[in-house]
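Q: I would like a close look at a single part of this model, with enough context to place it in the whole. Please treat the matter as one connected account.

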Amino acid sequence: WSALLHFVDILCCCAVLVPIVWQVNSLEKVVEAEAESSDTIDEANGDKNESNAITDVESENPTTAEAGRTLQKLKTFQRFYILVV
């Protein structure tokens, strides 16, 4: 019984960890795609935006900022979960 319970415990840990890893990967892709598209826009605008570097960060796309915060939280939880397991 002990071996079976250990196996079930490992399966449950993986059942929690796999969706977290999956979500982290998809959010990284979203953030990278948004960063690439904003870099392309910045290059098209040229030197006009260089003096507004601070305001560019503040006016960042809210969805990208939210995805970045969520990504950071998921990575932190993933490290914590792996440490605990």
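The request concerns the largest nonpolar core: which residues make it up, and which elements give two or more residues to it?

A: The account below moves from the whole model to the core, and then to the residues around it.

The model is predicted. Its mean pLDDT is 76, and 72% of the residues reach 70 or more. Three helices and zero strands are present, arranged along the sequence as α-α-α. Of the 85 residues in the protein, 12% are buried. The accessible surface comes to about 6900 Å², and carbon and sulfur atoms account for 64% of that area.

The largest nonpolar core consists of six residues: I20, V24, L27, A67, L71 and L74. Two elements, α1 and α3, each give two or more residues to this core. Helix α1 spans residues 2-45, while helix α3 spans residues 62-84. As a general matter, nonpolar side chains in soluble globular proteins tend to be buried together.

Within the core, L27 offers a useful point of entry. When neighbours within four places in sequence are set aside, L27 is in contact with A67, T70, L71 and L74. Three of these partners, A67, L71 and L74, are themselves members of the core.

Q78, in helix α3, extends the picture. Beyond four places in sequence, Q78 touches L17, I20, V21 and V24. I20 and V24, among these partners, belong to the core. Q78 counts as buried because its relative accessibility is 17%, under the 20% cut-off.

The contact between Q78 and L17 leads to a further group of residues. L17 has its place in helix α1 and touches Q78, Y81 and I82, again leaving out residues up to four places away in sequence. The C-alpha atoms of L17 and F77 are separated by 9.8 Å, although the two residues are 60 places apart along the chain. With a relative accessible area of 21%, L17 is partly exposed; this value lies above the 20% under which a residue counts as buried.

A charged pair also joins the two helices that build the core. The structure holds one salt bridge, formed by K75 and E28, whose closest N and O atoms are 3.0 Å apart. K75 lies in helix α3 and E28 in helix α1, so the pair ties together parts that are 47 residues apart in sequence. Side chains of opposite charge can pair in this way when their charged atoms come close. Both partners are partly exposed: K75 has 23% relative accessibility, and E28 has a relative accessible area of 25%.

Apart from the core, nonpolar side chains also occur at the surface. W1, L4, F7, V8 and L11 make a nonpolar surface patch of about 590 Å². L11, one of its members, is placed in helix α1 and counts as partly exposed at 45% relative accessibility.

One segment calls for caution in any reading of the model. Over residues 49-59, pLDDT stays under 50, and the model has two contacts beyond four places in sequence for this stretch.

In summary, the core of I20, V24, L27, A67, L71 and L74 draws two or more residues from each of α1 and α3, and the salt bridge between K75 and E28 links these helices as well.

Conventions:
Residues are numbered from 1 along each chain as its sequence is written. This is a predicted model: local features need pLDDT of at least 70, side-chain atom pairs count only at pLDDT 80 or more; totals for chains, interfaces and linings use all residues. Side-chain values use heavy atoms; hydrogens and water are left out. Helices (H or I, at least four residues) and strands (E, at least two) are DSSP runs, numbered from the N terminus. Buried means under 20% relative accessible area, exposed over 50%, partly exposed in between (1.4 Å probe, protein chains only). Accessible areas come from the Shrake-Rupley method with a 1.4 Å probe; for residues, only the protein chains shown count as cover. Contact means heavy atoms within 4.5 Å. A salt bridge is a side-chain nitrogen of Lys or Arg within 4 Å of a carboxyl oxygen of Asp or Glu. A nonpolar core is a set of buried Ala, Val, Leu, Ile, Met, Phe, Trp, Tyr and Cys residues joined through side-chain atoms within 4.5 Å. Patches are made of residues with over 30% relative accessible area and no salt bridge: like charges are joined within 9 Å, nonpolar side chains (Val, Leu, Ile, Met, Phe, Trp, Tyr) within 5 Å. pLDDT is the predictor's confidence in each residue, from 0 to 100.
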